[in-house]
Amino acid sequence: MYIWELPQWPDWQFDMLRLAGALADTRHVQGRLIGRMEALGFPLQDQAELSTLTQDVIKSSEIEGEQLNAEQVRSSLARRLGVEIGALAPVDRHIDGVVEMMLDATRQYAQPLTKERLFAWHGALFPAGRSGLTVLRVAQWRDDAAGPMQVVSGAFGHEKVHYQAPPAACLDAEMDRFLVWFNSEDSGIDPVLKAGLAHLWFVTLHPFEDGNGRIARAIGDMALARSEGTNRRFYSLSARIRYNRSGYYRMLEQTQKGGLNITRWLDWFLKTLGQALQQAEITLAQVLIRARFWEQCKTRSLNQRQIMLLNRLLDGFEGKLTSSKWAKLANCSQDTALRDITQLLEHGLLRRSEAAGRSTGYELILIGE
């Protein structure tokens, strides 16, 4: 029996005494982080938010097994946030759609969540009306024409059903009830806990043919923004969920096959959120490093290719950056790449890596090194 089949559904219950300590700790760290970020000033706030949202969009998609181009995500966000990052990468409409959904959820957090708004988010996630080769019912609830909505893993013929969602025929009534609760300012639950419950409730209803996980996480982020009273995002809950994706799915399955007492789910949510808030301290440190780096570049004349590649290095370039990789990433010739690198060596912004290998690698020189 799934949770939505229980006679008392959706009479959610949880042990507030058991959650009180974790909730107080989370609220304390949440407030401290917001205070520290607001003290940075707008330029650094912009960079911190850009870094956080880039990670959030990428990791939320990765949870569903989809890999997005980080440079395109960053460019799409920078364009919409009005943050200067040098040359912007061309962005396809799918990435733009994912970014638009996330920004609408967090920037317009105070606006009611409606069926029409959810349909707009779903349409933005699937602008071509497909998920891979599968044609979807876009911007409308699923109809179960191909059978019950199930979460399945395993090879064909050896599938394991982890969860089966409520029948499509009851979605209008179920979603109306969810939206009334979500938009109510007097729901009798702490706003942070409400974010955790909203995530669980929506993904349990699973109202769309695809994209339910990403939309559930956007709804959770929207509720967290309401809990903080700010449309600035300085931490990524999706990044922490992605870090322990198997634990996330295991907890969801256990909860959706359990009773209506969801204390364990909310405890897991609070702990994961706490980890995301702690991770934001690393983001803050990286933003300050980036700011100091570009401050030392003020007197240097850099072209757009150099700015783009330096940003890639600041984001944490994986592997060894060689001249051939530079040429490929910057879409230029090998000779042009070598000239770009030589200039940065002369400016004291790059140095040759000590790592052994057939090709020479290059790495950033940061202030204080």
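Biologist: Where in the chain is Pro10 found?

Modeller: Pro10 is found in the segment before helix H1, which covers residues 16-38. Please keep in mind throughout that this is a predicted model.

Biologist: What kind of peptide bond joins Trp9 and Pro10?

Modeller: The torsion to read is omega, and here, at about -5°, it belongs to a cis peptide bond between Trp9 and Pro10. Trp9 also appears in another feature, since ring pairs link a cluster that includes Trp9, Trp12, Phe119 and Trp141.

Biologist: How many aromatic pairs does the structure hold, and how should I read the geometry of one of them?

Modeller: The structure holds 17 aromatic pairs. For each pair one reads the distance between ring centres and the angle between planes, where planes under 30 degrees apart count as stacked and those over 60 as edge-to-face. The rings of Phe178 and Trp201 have centres 5.5 Å apart and planes at 70°, so this pair is edge-to-face. Phe178 belongs to helix H6 (residues 171-183) and Trp201 to helix H7 (residues 191-205), so that the pair links distant parts of the chain, 23 residues apart. Both Phe178 and Trp201 are buried, and both are members of the ring cluster that contains Trp9.

Biologist: Is the pair of Tyr248 and Trp268 stacked or edge-to-face?

Modeller: With ring centres 5.9 Å apart and planes at 25°, Tyr248 and Trp268 form a stacked pair. This pair, too, links distant parts of the chain, with Tyr248 in helix H10 (residues 245-256) and Trp268 in helix H11 (residues 263-296), 20 residues apart. Tyr248 counts as buried at 1% relative accessibility, and Trp268 is buried with a relative accessible area of 15%.

Biologist: Which residue lies over the face of Trp181?

Modeller: Lys194 lies over the face of Trp181, at 5.1 Å from the ring centre, and Trp181 is itself one of the residues in the ring cluster. In another case the charged end of Arg240 sits over the ring of Tyr243, 4.5 Å from its centre.

Biologist: What is the sign of phi in Asp144 and in Asn331?

Modeller: In both residues phi is positive, although neither is a glycine. Asp144 has a phi near 60° and is found in the loop between strand E2 (134-135) and strand E3 (150-153), where its 23% relative accessibility counts as partly exposed. Asn331 has a phi of about 55° and is found in the loop between helix H13 (323-330) and helix H14 (334-347), where it counts as exposed at 74% relative accessibility.

Biologist: In what sense do strands E3 and E4 pair?

Modeller: In a regular strand the side chains alternate between the two faces of the sheet. Here E3 and strand E4 (residues 160-164) pair in the antiparallel sense over four bridges, and Val151 stands opposite Tyr163 in E4. The hairpin of E3 and E4 has six residues between the strands, and within the hairpin Gly154 takes a positive phi near 100°.

Biologist: How many salt bridges are there, and what should I look at in each?

Modeller: The count comes to 21 salt bridges, and for each one it helps to ask how far apart the N and O atoms are, where the partners lie, and how exposed they are. In the bridge between Arg305 and Asp340 the closest N and O atoms are 2.8 Å apart. Because Arg305 lies in helix H12 (residues 304-314) and Asp340 in helix H14, the pair ties together parts that are 35 residues apart in sequence. Arg305 counts as partly exposed at 29% relative accessibility, whereas Asp340 counts as buried at 2%.

Biologist: Which strands hold Glu363 and Arg351?

Modeller: The side chains of Glu363 and Arg351 meet in a salt bridge, at 2.9 Å from N to O. Glu363 is in strand E7 (residues 361-364) and Arg351 in strand E6 (residues 350-352), so to speak two distant parts of the chain, twelve residues apart. Glu363 counts as partly exposed at 31% relative accessibility, and Arg351 is partly exposed with a relative accessible area of 30%. Elsewhere, salt bridges that share partners join Asp46, Glu49, Arg107 and Arg232 into one network.

How values were computed
Residues are numbered from 1 along each chain as its sequence is written. This is a predicted model: local features need pLDDT of at least 70, side-chain atom pairs count only at pLDDT 80 or more; totals for chains, interfaces and linings use all residues. Side-chain values use heavy atoms; hydrogens and water are left out. Rings of Phe, Tyr and Trp (its six-membered ring) pair if their centres lie within 6.5 Å; planes under 30 degrees apart count as stacked, over 60 as edge-to-face and the rest as tilted. Buried means under 20% relative accessible area, exposed over 50%, partly exposed in between (1.4 Å probe, protein chains only). A charge sits over a ring if NZ of Lys or CZ of Arg is within 6 Å of the ring centre and within 35 degrees of the ring normal. Two strands pair if DSSP finds at least two bridges between them. A salt bridge is a side-chain nitrogen of Lys or Arg within 4 Å of a carboxyl oxygen of Asp or Glu.
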